Amino acid sequence: FSRWVPSLLKATSSDALSVSLMVRPPLVRLFQHGLSWLGPQLSVVERDSRPQSSCHGSLLSLPWLLHRSSEGSAAALPTQPWLQFGQHDQPSAERRRVGLIWAAGQYNDNAYLRREAGKKTLDQKALHALFAQIQSADCDPVCLQSGSERSMADGLSFEQVLTPGSDFYALALAMQRCDLVISVDTAAAHLAGAMGKPCWLLLPWAAAPRWGCSGTTSLLYSSFRLFRQLRPKHWSSVVDAIGVELRAWSSFQ
């Protein structure tokens, strides 16, 4: 929902007004750098710092509020990337680098969310098969996975670009150095979409409503391509489809 922050700044443009975006600590640097192009009217702070303000609200309310304002057209779904980090560390043309995220975030304190995360996460057999597909397409696999699920890749020769304590800004810079991101449905995938990075999204059979019931494209992110399970818990068909498309993609000059 940070996609509507530029529209909010446009709707409230005034030297006398400022906007504070309050986010969790792992997101602070990401938005400070990625939204810096909006200028000094926007500040990004930790959510618990509670800066003084005349009003406050939720990001999820912005589309409705913008639609009610005089800048009603600003509520249209933005199509251009809004997190921008400059042109440094772009991929080289020698050999294509494919960043991989195979596990959704774990929610050990919530049984429902834990089950949903498990549904979206690749099993170890599927991960190893996908790794082999990337290598067979003559591409370099790059580990973009964070958290304890990184151990699922023990024994696989990934390029490691993140440290265990990396935040989302470090992840964004690592993604920027990849030619393609392949991800399950998790926060990292939304980061790729916000950056406009080409991303192939692996979806379980019962995917979240935001991805629709069918189709290979997304209204949320124009850089996405969707790969769906054909039946519950059946990742092999998704991995096979990825392999076919990877070989075609890597051979295209």
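1. Contact here means heavy atoms within 4.5 Å. With that in hand, have a look at R247 in this predicted model. R247 sits in helix 8, which covers residues 236-251. Which residues does R247 touch, once its neighbours within four places in sequence are left aside? They are Q133, S136 and A137. R247 has a relative accessibility of 38%, so it counts as partly exposed, since that class lies between the 20% limit for buried and the 50% limit for exposed. For a sense of scale, pick S166, which is 81 residues away from R247 along the chain: their C-alpha atoms are 31 Å apart.

2. Stay in helix 8 and find L246. Is L246 buried or exposed? Its relative accessibility is 0%, so L246 counts as buried. Setting aside neighbours within four places in sequence, L246 has contacts with V98, Q133, I134, A137, L180, I182 and W200. Q133 and A137 are on this list, and Q133 and A137 are also contacts of R247. L220 is 26 residues from L246 along the chain, with 23 Å between the two C-alpha atoms.

3. Now look at how helix 8 lies against helix 5. Two packed helices are described by the angle between their axes and the distance between the axes. For helix 5 and helix 8, the axes come within 9 Å and cross at roughly 10°. Angles under 35 degrees count as roughly parallel, and helix 5 and helix 8 are therefore roughly parallel to each other. Helix 5 brings A126, A129, L130, Q133, I134 and S136 to the contact, while helix 8 brings V239, D240, I242, G243, L246 and R247. By type, the residues of this contact are 7 nonpolar, 3 polar and 2 charged.

4. Next comes a pair with another angle. Helix 2 and helix 6 have axes that come within 6 Å and cross at roughly 55°. That angle makes helix 2 oblique to helix 6. On the helix 2 side the contact uses P26, L27, R29, L30 and H33, and on the helix 6 side F168, Y169, A170 and A172. Of the residues in the contact of helix 2 with helix 6, 7 are nonpolar, 1 is polar and 1 is charged.

5. Helix 6 (residues 168-176) also meets helix 7 (residues 187-195), with axes that come within 10 Å and cross at roughly 60°. So helix 6 is oblique to helix 7. Which hand does the crossing have as helix 6 passes helix 7? The crossing is right-handed. F168, L171, A172, M175 and Q176 of helix 6 meet A187, A188, L191, A192 and M195 of helix 7. The residues of this contact split into 9 nonpolar, 1 polar and no charged. F168 and A172 appear here, and both also take part in the contact of helix 6 with helix 2.

6. Go back to helix 2 (residues 25-34) and ask which of its residues are buried. They are L27, V28, L30, F31 and G34. These buried residues pack against strand 1 (19-23), strand 2 (42-46), helix 6 and helix 7.

7. Some of these names come up again in the core. The largest nonpolar core holds 46 residues, and L30, F31, L35, L83, L144 and M175 have the most contacts inside it. Take L144 from that group: leaving aside neighbours within four places in sequence, its contacts are G99, L100, I101, V161, L162, L171, A174, M175, C178 and V181. A second, separate core has 28 residues, including A137, C143, L180 and I182. Among these, A137, L180 and I182 are also contacts of L246.

8. Finally, a few loop residues. Most residues other than glycine have a negative phi, and most peptide bonds are trans. D138 has a positive phi of about 60° although it is not a glycine, and it lies in the loop between helix 5 (124-136) and strand 4 (140-143). K233 likewise has a positive phi of about 60° without being a glycine. You will find K233 in the loop between strand 8 (224-228) and helix 8, and its relative accessibility of 78% means that K233 counts as exposed.

9. One more loop residue is S18, between helix 1 (5-11) and strand 1. Why does S18 count as exposed? Its relative accessibility is 60%, and exposed means over 50%. The C-alpha atoms of S18 and Q176 are 30 Å apart, with 158 residues separating them along the chain.

Definitions and conventions: Residues are numbered from 1 along each chain as its sequence is written. This is a predicted model: local features need pLDDT of at least 70, side-chain atom pairs count only at pLDDT 80 or more; totals for chains, interfaces and linings use all residues. Side-chain values use heavy atoms; hydrogens and water are left out. A nonpolar core is a set of buried Ala, Val, Leu, Ile, Met, Phe, Trp, Tyr and Cys residues joined through side-chain atoms within 4.5 Å. Buried means under 20% relative accessible area, exposed over 50%, partly exposed in between (1.4 Å probe, protein chains only). Axes are lines fitted to C-alpha atoms, for helices over the stretch in contact, and angles run from 0 to 180 degrees between N-to-C directions. Helices (H or I, at least four residues) and strands (E, at least two) are DSSP runs, numbered from the N terminus. Angles under 35 degrees count as roughly parallel, over 145 as roughly antiparallel, 65 to 115 as roughly perpendicular and the rest as oblique. A crossing is left-handed if the near helix is turned anticlockwise from the far one by less than a right angle, and right-handed if clockwise. Ala, Val, Leu, Ile, Met, Phe, Trp, Tyr, Cys and Pro count as nonpolar, Asp, Glu, Lys and Arg as charged, and the others, Gly among them, as polar.
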